[in-house]
Every structure is written in structure tokens, then in C-alpha cells.
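Work through the exercises below with the model open. Try each task before reading its solution.

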Amino acid sequence: MARNRGFVVGFAALICAALLSISAAASIRPISDAHRSAALELFVPVDGSFPSLEETYEALRTFQILGVGKTSDISGATCPVVLDKLRSSTSSPKEFFNALRLIGILGCQIGSQTFENVASHLQALIKDADSLMDLYYSVISLLHIKGQGVSAVLSDAEGVFHSIKALSQSDGRWRYDSNNAESSTYAAGIALEALASVVSLADAEVDQSKIGIVKHDIEKLFDSIKSYDDGTLYFDEKHVDGSEYKGPLTTTASVVRGVTAFAAVAGKLNIPGDKMLGLAKFFLSIGVPGSTKDLFHQIDALSCLESNRISIPLILSLPATVLSLTSKDQLKVEVTTVFGSAAPPLTVNLVQASSYDKNTPVLENQELQFDTENNIHYLDILPLKIDVGMYTLEFEISLHDPENLNIYATGGRTNALAFLTGTIKVDKAQIGVFDSDAESAATMQKLDLSQDNRISLAANHLQRMRLTFQLVTPLGHNFKPHQVFLKLRHESKVEHIFALESSARQFKIILDFLGLVEKFYYLSGRYEIELAIGDAAMENSFLRVLGYIDLDLPEPPEKASRPPPQPVDPYSRFGPKPEISHIFRSPEKRPPKELSFAFLALTLVPLVGFLIGLLRLGVNFKGFPSSSVPALFSILFHAGIAAVLLLYGLFWLKLDLFTTLKALGLLGVFLIFVGHRTLSHHASTSAKLKTN
Amino acid sequence: DINPCASLWRRRRREGAAGVHLRSLVSDSGKQELIMAKSNASDAQALVRSLRSAYAATPTNLKIIDLYVVFAIATAIIQVVYMGIVGSFPFNSFLSGVLSCVGTAVLAVCLRIQVNKENKEFKDLPPERAFADFVLCNLVLHLVIMNFLG
């Protein structure tokens, strides 16, 4: 069963993957609460502060734009660091920059005297600066100081402007410094932001011709814009392997910051609104980024786009792309700024809705109505009599106030993909078995495919089985789903899958068992019949058991292929194994105890007979030596032999061989010595007797 | 003379035993002949009596050794009869028991040969030495037997 579901799910996933790769499908949504919660999850301070001032700024700026988070708990640990950086005389422009841009957000209490010192310090740095980054940091820092209410004026604004401009290239990019020949798009964004700050810091107005030249540079920069298939636009470096390469997101964000900042001070730029919209779509198409830097760049760039002086992009998005005919859904469209704020009064027109497969238009020029309460444009599709399926929708936005055309970018025609789903009626289902030559006379059983059936059929290899049914959409048309499969599963879990053919009127399958005998591996028996019908637009896709069929197939010949082995649950090998019952050797039959004891006594009888015989023979101890020393040795000799015999007894009862051998060695040495003495004494006495 | 029967018969002829009818077949080739006694029951009895009297002449120490051998063999026979009744499990115990008896009997026979004064081969061997060998061999035999007994 799991395999079936996996099969169906896999197929559905394949369809989805195919859909997502389709160009012109706009599944873009404006910044939502998903971004807010992601920001809170990603930007997590460690012990009340972030690792560096740069990261602190990224976190706090993101929170500020999104309107989440609290800065009060960060400021406690960070403000002293900021103050320290500002007071130090050895801080670099970058450190001033990182410290100063935090002040506005954190709200640290810093005296104006400190600011003035820093300002004069920065002025000196600007005079000496030669690289783009140093100029950038110094100028922006000075701008932030001005933002705190302290007077900060750039004395030689024209000179600074000129030195920044000197680093520009003909294609609109900028170099980092005069030594470096490499030009970078990211640097262009930095430079534009710096130039904008110079203009706003200048005490006297900067020459308009110079500003015009920079506007021209911006236009050239926009010529190098790149695009993806789905209509999003972005900036990237010319050479990907440069030492200072930052990805498209960072580069595009930098350019957007620079361009919007410059437009704020310089007035109207000659950039078409479509490009701003493309850039906005680029940032929104990322979705919710997974890293802090990506999220910061996305949110920061979008906040620049939200209210910029070139054109504010308006995003058209569909909150729901799957509409159900059964639940009478309406087609809903949202038009908002990138952050979801309200757009100016406008009308959305559905220019065309065409079926995705056949590309034939089903709807044309439908104006959507506006719901002021929910800020949504909607269209009732039910009265329009559109059938289920997948559709490409083309929308056009028309602003009510023609003045707004200069301010907002609506982007002409926008495409979206939508599904219309409904309940498909399965009609006139019939199944039956018939002989090969008697098709018309077949008796068919009716099936109700809205629930599981339990029909039972029987067939032999000379017959055929037929299944027919009709699929009808809610509007009464014939429906052709993506998946229509019939599965026969044998008792031994061997499965066979068949696809059904569809004619104009109905779906039909005829299984000719004569031709299928070999495919079925000659397995006779009960086969379970399952029918699977599924489609993305079908709300009641199903996998149903129809019943079973008992097939009688002939015997397999010698060379027939065996059915494939069925997969075993891979974890079954880790289950408990069958218990092994040990068969112990049955113990030998032992004789009854009485018999054994009787023979034990009987064995001792010869010993008694021996002793009696010895007495009869008249043994005596006359040969025993009389004098003390030889007598002692004799006694020891006999004692030694007795000890050895005792040792043997102990060996049999409990000792092991090695202990016994050790003891025997000792006793043996003793016995040899003693025995030698005794026997030699005995020999000498008997020799004396003989000679005597 | 090695053949004890022949010396016995010579002695009986010398002593003039009566009532024995001999029919002996002596071949010219000089082979050892079977002496066939066409005798009645009294012949066997007379034979046993003479054997007994001849045996009585053997020295006491040899008689002790003979008695020891008989004791050992009798024990062995009883063990074999027991095995015949109850079966040979455990076989190692049976073997060690029987071999102990048989082994000690064999060693006793060797001792008898060495100690027997009529045996000219071992004339120069002192009987104590033979006895020491007997004891030593018995101890070694019984160590092995005890190990094998189980």
C-alpha cells in the first residue's frame, strides 16, 4: 500500500516540479509574517549582544524595518562598545562607520562633544583617503553624525565628489582604488551611496553637470542588468572569480541602495519602472532566506525600494493558486508594495485565462472587483463556467490616477498559474469476464467507484476481462486525468500494472489473459484488482480495491521465468529469530545402584582371598630389619608407597594432573632415596645370610 | 630341561608309577611330539596330584607372587563380567580398571621371572633390585591408570 501511495505521490511531485520550472509563473508574495518570524529566529544575540558591530547593525536594522524585536536589551551591552570606538583616536573609518550607524537605532546617550571630535577626525580622514571604501565609510559616518543633529559639513565636497567619480569606469562600474584595475558592480553601489551622501553633506550645491554625468553612469550600469527566466532582474559581477566577489544578492542590494540614495538627492533618474519592478521581484523571489546576511540584504534593499524616488514597484500576487469549484472559491488577487502596504487606487484586469496544456483562451478581459475591507481584488469564477484544470492567467494593472504612473511601477502584464479543482464524477463503471469470441454477449457487473467494492470474478486463460467507465467534470465534459491505472496483485504480492486507454467517451481496458499468461509468470490464484485515478485538478482522486479475480492459468513450462522476489521488510532481520531448542544428548543408561554396589563388594573379594592366601602361606615379618635405622628407613619406605597411593586417591577425587605430578615428583625423590637405603640394606643382609 | 612335562614323566618312570598305559608316537624327524594319553579319569587326577606336589616345592616368595597374580586376574575377570552385564559406559573407567589389574599381573610375572633362582638368565640380578623395579613400574602404571579413570 505504501508503495502505491509513494507511486502516486511521486508522480504528483513530478508534476509539481515540472510546473515550478515553467517560466512566467509568478509565485511571488510580498514580505509577510514569515519574514518577521524568520528574522527573530535567525538574529539571536549571544549573552545580550551580537559578535560584532556590523552584525549588530544588520540585526537591528532588519528588526527596525520589519517592526519586530526589542533593541533595549541589546543597547545595554553594545552602547559602551560604540562609545569606546568613537572616543578612540586610532579607529579606522570602517570602525567609525560601524559604530555611528548603530547610534540612530540604539539610541545611545552620546555627548555632542564626542560627535564633534569624531566629525573633525573624519574630515581629516577624508582628506587623506584614497580608496573607495575609506571614502565611503568616512562620508557615510559624517552623514550619520549630521543625522544626530550635530553640524557636520563637508568642506571640499567638490573634491571628494571628484575623487569618488574618478574611480568610475565607462561601463558604469567602479574600481575600489586607483591601483586596482578590477572594476566591480558592488563597488558601483557603494560609490553611488557615497556620492549621494557627499551631495547631501555639501555646504554649497554641487555642480549639476557632474550629477548629470553620474546619472548617465547609472543608466550604463543598468544596461548590464541580468535577468532570470521568470522576469526577475539582478546585478552580478562580470567575473565570478574576482577576489572581492559577493553573490548576486549582495551586489544587487548594494546597487539598489546606491541608486535609490542617489535618486533621493539628485531627482528624477531615467530608469524604466519595469527594471525597478524586476529588481523587487528578484528580492521577493528568494522567499525567506536562511542566513542572517541574506535576510538583511533582502530586507534592506526592499525597504529602499518601498519608497524610492524612481518608481515604487507594485507587486501583484495570488494568495491562493488552487481554487476549488466545489467550495465555490473566488479568484483573489492582491496588489501591494513590496512590504504589503496598500497600493494607490487601481483596477486589475484579467486579460486572458488560457488552459495550460492547450493554450486556448477560456476567459478574456474580465475586470476584477475590489474589496476595500480586505484590500483584495476578486472575481467570481463560478458563473463563468470554467472547467477544472490548470490555467495561465494574465493580469494587467491600470492605475486610476495618471500621475501615479510616474511614481509607481506596475509592470504591464503579469502572468500567474492557477489550478481549478473540482469533483470528478465516475460514471457507468462496469466490469466483467467473457470468452474471447463472445464479447458482445458478456455479462457485465455494475460498479460503484465512489466506495470500495468486493466483486469476485473468475477466469481462465482463454477468457478476457473488461473494465469500462466514464469520467465527467462538474461542467459535464469528459475528463482525462494524468493517472488511470489498473493493478492486479497476486496473493504472493507479485503486482502487474496496466494503463487504461481513453476514447472520446469512456475509459476502457481489456485484459486478454491468453497473452498475459507469461507476463503473470503462470501464477494461478487470487488476484486483487485495484483502480487508481488521479489528477492535480481532481479533488476526489482515489485508489480503490474493486474486488478480486480468480485466475486459472496453465502450468509453467520448464523455461518459464520465475516471478521476481518480493521485497522483504529490511528491518525484519533485526527482529527476534525463532527460538532454538537445544537437543541434549540423552544420558547413558546407568545400571541400578544395587548391582553396582554388589559388584563393588564382589571386586573386593579377591583381595580378601589374597590376604587369606597370604596367611595360609605363612607370611611373616621376619625379614623386617631389627636395628633402628634400617627399620626407620623401611618404615619410611612403606609409608612413602602408602603416601603415593594416597596421592593417587586424591588425584582421582579432586586434584589435577599438574599438582599430582608436582607432589609425585617430591614423593618420588623421597621414595627413591629411602627405598634405595632399605633395599640395599636388605640385599646386604641376605647376601651375608647366603655366604653364611 | 625346559619342558616341565617331560621332566615330570621321567621322574614318574623313575619312581615306577603303575597303571599308566602310554602310546607314544615318536617321529624320526625330531619334532616336538604331542604325547597322547589314552587314560581314564584317574590319569587326570594323578596328573593334578603330581602337579600340586611339584608346585609345593616352589619357594614361598614365588608362591606369594603367584597368589598376587591370581588375585589381580580374578579382579580383572570380575570387572569384565560386570561390563558384560551393564554395558561399556563409561569405557575409559572399564579400560583403566582392567588394565590396572592386567598390568600389575604382568609386572608381577616379570618380577617372578627375575626373582626365580632357577632362572639362569637373571642370576646376577639381586632380587631387591627386581622388587624396586616392580614397585616403580607399578607406581607409574597406577599414575596413568588414575589419570585415565575419570
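Three exercises follow, on two chains and one helix.

This is a predicted model, where local features need pLDDT of at least 70 and side-chain atom pairs pLDDT 80 or more, while totals for chains, interfaces and linings use all residues. Residues are numbered from 1 along each chain as its sequence is written, and chains are lettered from A in the order in which they are written.

**Exercise 1.** Describe the secondary structure of chain B.

*Solution.* Take helices (H or I, at least four residues) and strands (E, at least two) as DSSP runs, numbered from the N terminus. Chain B then has five helices and zero strands. Along the sequence the pattern reads α-α-α-α-α.

**Exercise 2.** Find what share of each chain is buried.

*Solution.* Buried means under 20% relative accessible area, exposed over 50%, partly exposed in between (1.4 Å probe, protein chains only). In chain B, 26% of the 150 residues are buried. In chain A, 44% of the 692 residues are buried. Chain A has 18 helices and 25 strands.

**Exercise 3.** Locate the buried residues of helix 8 of chain A, then their packing partners.

*Solution.* Start with residues 157-166 of chain A, which form helix 8. The buried residues there are A:Ala157, A:Val160, A:Phe161, A:Ile164 and A:Lys165. Down the helix axis they fall within an arc of 130°, so they line one face of helix 8 of chain A. The arc is that of the directions from the helix axis to the C-beta atoms. An α-helix has 3.6 residues a turn, so residues three or four places apart point the same way. Next, list the partners, using contact as heavy atoms within 4.5 Å. The buried residues of helix 8 pack against helix 6 (112-128), helix 7 (132-147), strand 1 (174-175), helix 9 (185-201) and helix 10 (208-223) of chain A.

Definitions and conventions: Heavy atoms only, no water.
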